[in-house]
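Visitor: Please choose one part of this structure and examine it closely, residue by residue. I should then like to see how the description extends to other parts of the chain.

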Amino acid sequence: MTDRSKGLDEGEATRRLALVGPNQIDPPRTRSVAQIVLATIREPMFGLLLAASGLYLALGDLAEGLLLTLAAVATIVQVVFQEARSERALQALRDLAEPMVRLVRDGVERLSPARSLVPGDVVLVGEGQRVPADGRLIDGELLTIDEAALTGESVPVQRAPSLARDRSGAIFAGTLVVSGQGVAEVTATGPRTAIGKIGVALATLETAPAPLQKAITRLVRWLGLAAGLFCLLVIVTYGLMRGDWLEAALAGITVAIAMIPEEFPMVLAVFLALGAWRLGRHKVLVRRGAVIETLGGATVLCVDKTGTLTENRMSVAALWAQGVRCAPSAKGASDPHPLLVAASLACAARPVDPMDRALSALAGPPADARLERVWPLRTERLAVVQAWRRADQSLLLAAKGAPEAIFALCRLAPEEMVSVRAALEVLALEGLRVLAVAEALGVVDAPEEPEAARFVFGGLVGFADPLRADAADAVREARTAGVKVMMITGDYPATALNIARRAGLDVEAGVLTGDDIARLDQAALRTRLASVRVFARVRPEQKLALVEALRANGEIVAMTGDGVNDAPALEAAHIGIAMGRRGTDVAREAADLILLDDSLASIVGGVRLGRRIYDNLRRALTYVTAIHVPIAGLALAPVLLGAPPMLFPVQVVFLELVIDPVCSLVFEGEPSDRDSMKRPPRSPRASLFGARQIAHGALQGMVILAAVLALYLWGLTWMSAAQARAGAFAALVVGNLTLAITTATGRDGRLLDARHWVFWTIAAVAGAILLLVLLTPGLAALFRMAAPSPGFVAICVVAGSAAAGWAWLPRMVRRT
């Protein structure tokens, strides 16, 4: 009996060591609580809080010193909470991204997680897949395997099925199957594999930050430097003007705390993690977090036909042989049509391709013959040829593939192809996918290449693949959003046009074939791409030419792909999208996104969600910029004006503890604008957070600063500094909350929407704490405040709301 529990541990190690790499995602690895705490302690904000706490203790103010220490601890707790929230989202993605293998147990084939493999299991491996564990081939074809990941050798090697335990049939985890398919028995998993023994160091690798994360880090670093310089300026100015250097140090630290926008990296990390999680719930798995920013700005979606616009649920719909069209035999019929028998002989023994499955279901392989050799599909020969050794020792060669390829194998004369092409055109105009079939009989020995044999044309097989129920709606939504949808397929042109027309694509410019693309130069191709939306008989490598031409036209390109040869196009596209169900591991590794259900509707949903994430992230960063202007200004202006300080570290910390959850909970959860998919994509040159957003945030912040500072200075003329400070601080808190909700809700949001319960909860807690501070003498003393008159508080609340909510008025006017 196999030790299955031990195998699970080894399989888990396989996943941790990234040995099967295709579905790995870029978000950062899990950090322990201790690592998070250490990282937080190293942050400037934490150091400033501790410095302020030390100064208060030096001044003999034990209560305020302990309060700031408690605030520093609260900062750590909040960071741990946000990290945990992000990590839960990332773990959900990792569960979705878990590598799967085709496993055979008890004679039944199933799709199972790679981590469940144990020695003795039997798995199916095929072209474009990573080998999930060490094993040996026991059946199938001759495999060509790229072992560069293990040996560093760039030249692929060949492995043949063998029952002997020698290297001829050995395959190794992490290597790539370039061609062929076979059956393998697992011999080692996890750290016991060849690559596992040398790959333990992979577990310690850290993922490099995304470009957007680097940009935000640079921005925070520069603002931190500016905060440090202002801190020194305030200390010197305050000390020289008033002679109290301890108070000067506190004023300088307050300014530094107010100016450091430590929320920027946190907001970005939370949005990217939760955005990736939300996309995962929409069947779009994010492998590279930075692509979330790009997804909402896509201007072109290049999609395959089969499985994306259609269901990839093939059924044999029509046969054409010797000038006669007929229906296929019923499943299980004792006398299947000879054309079906010939076509099934060119199918894989364990079919994965939907067309192979459909043919094998109607006519299986012969009982009196064994498979001797396979010539797989190649770029120069779009057909599969298989050689069968029959009981009389003669060889039968069966071929199926693109009609043009079969015509070439049969060496049909032009006059012989007239009726065949007419039948082919009729089947294609009906939207059927058409394959041609041929046979070579009486062959003694298998030739090196099938072209050497004399093939006889057998006929045509038409496959029906229903259009997805949601395809037309998805195309309509994409076109409404200003996104061009292009269909790129290897099918016959008439078939491609039929499906494109039914799906709602723009077909006025006709179809461009792979041969047309080969004849056009770059300039001519760019011109044709301005109008053509349907591409047929396109070879995988020609997708790269299409992507490069689209990029040269200034488009933001999202490209789908599933094959080994699609990898260059996926890499070249701004957004590479691999098919999760039928895609190869190579395509997944090259892609930015993995489409779990292969549906166009999921891609369009991802664009919609990408626009939402982009809009909400931009609003959050604008809000952070805006609210730091009055905080920093109110910490600095009274000192420069010779007035009593308005803000002290404990008050700034209170505001920060409100800002952080507002950013990560309210802004991130805000739904899309109603017109988000009715406006054209943003300009490719538009930055997420540029000068326009900084200016807009600064303007909002300056209005709040002017209002609160005026209230404070006015209050100083007829009441104590503590009372004026309390009223002005209330105005600042209310302005902060008002700014948050008006910025978060976008152009068509409503303040009292039930979906904003998180914001109103935060607002209620903040208001209750502020009220408690004003009404409790001990707490008021810690905050350097005293309860002002109710009238002054009311004026401050109204003024704070108005100063932050003025941007809401144009939206109300537009709605009326």
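Guide: Let us begin with Pro788, which touches Met719, Gln723, Ala726, Gly727 and Val793 once residues up to four places away in sequence are set aside. The model is a predicted one. Pro788 sits in the loop between helix 27 and helix 28. With a relative accessible area of 12%, Pro788 falls under the 20% limit and is therefore buried. One of the residues it touches is Met719; the two are 69 residues apart along the chain, and their C-alpha atoms are separated by 8.1 Å.

The loop that holds Pro788 also contains Arg784, placed between helix 27 (777-782) and helix 28 (790-805). The relative accessibility of Arg784 is 23%, so this residue counts as partly exposed. Its backbone deserves attention as well. Most residues other than glycine have a negative phi. Arg784, by contrast, has a positive phi, near 60°.

Among the residues touched by Pro788 is Ala726, and this alanine leads to a pair of helices. Which helix does helix 25 meet, and how are the two axes arranged? The axis of helix 25 (residues 721-744) comes within 11 Å of that of helix 26 (residues 757-775), and the two cross at roughly 180°. Helix 25 is therefore roughly antiparallel to helix 26. From helix 25, the contact draws on Ala726, Phe729, Ala730, Val733, Leu737, Ala740 and Ile741; helix 26 contributes Phe759, Ala763, Ala766, Leu770 and Leu774. By class, these residues are twelve nonpolar, no polar and no charged. Ala726 thus takes part both in the contacts of Pro788 and in the contact of helix 25 with helix 26.

A second helix pair offers a contrast in direction. Helix 15 (residues 471-480) and helix 22 (residues 600-641) have axes that come within 8 Å and cross at roughly 30°. Helix 15 is therefore roughly parallel to helix 22. The crossing of helix 15 with helix 22 is left-handed. Here Ala471, Ala474, Val475, Glu477 and Ala478 of helix 15 meet Leu600, Ala601, Val604 and Arg608 of helix 22. Seven of these residues are nonpolar, none is polar and two are charged.

Helix 15 is also among the elements against which the buried residues of helix 16 pack. Helix 16 (residues 493-503) has eleven residues, eight of them buried, so the helix is largely enclosed by the rest of the structure. The buried residues are Ala494, Thr495, Ala496, Leu497, Asn498, Ile499, Ala500 and Ala503. Besides helix 15, they pack against helix 14 (417-429), strand 17 (433-443), strand 19 (484-488), strand 20 and strand 21 (534-536). Gly504, just after helix 16, takes a positive phi of about 95°.

Two of those packing partners can be followed further. In strand 20 (residues 511-513) lies Leu512, which has a relative accessible area of 0% and is buried. Beyond its neighbours within four places in sequence, Leu512 is in contact with Ile517, Leu520, Leu525, Arg528, Val532, Val534, Phe535 and Ala536. Leu529 lies 17 residues from Leu512 in sequence, with a C-alpha to C-alpha distance of 9.2 Å. The other partner, strand 21, is followed by the loop that runs to helix 19 (542-552), and Arg537 lies in that loop. Arg537 has a positive phi, near 50°, although it is not glycine. Its relative accessible area of 16% places Arg537 among the buried residues.

Met314 provides one more loop position for study. It lies between strand 11 (300-303) and strand 12 (315-321), and at 11% relative accessibility it counts as buried. Leaving out residues up to four places away in sequence, Met314 touches Thr306, Pro354, Met355, Ala358, Arg433, Phe463, Ala464 and Asp465. Pro354 is 40 residues from Met314 along the chain, yet their C-alpha atoms are separated by 5.6 Å.

These details belong to a chain of 816 residues, of which 55% are buried. Its secondary structure comprises 29 helices and 24 strands. Of the contacts with a separation of 6 or more, 72% join residues 24 or more positions apart. The accessible surface comes to about 34,100 Å², and carbon and sulfur atoms account for 61% of that area.

Technical notes
Residues numbered from 1 in each chain as written. Predicted model: local features only at pLDDT ≥ 70, side-chain atom pairs only at ≥ 80, totals over all residues. Heavy atoms only, no water. Helix = DSSP H or I, 4+ residues; strand = E, 2+ residues; numbered from the N terminus. Buried < 20%, exposed > 50% of the residue type's maximum accessible area, 1.4 Å probe, protein only. Contact = heavy atoms within 4.5 Å. Areas by Shrake-Rupley, 256 points an atom, 1.4 Å probe, with all protein chains shown as cover. Axes fitted to C-alpha atoms, helices over the stretch in contact; angles between N-to-C directions. Parallel < 35°, antiparallel > 145°, perpendicular 65-115°, else oblique. Left-handed = near helix turned anticlockwise from the far one by under 90°. Nonpolar A, V, L, I, M, F, W, Y, C, P; charged D, E, K, R; others polar.
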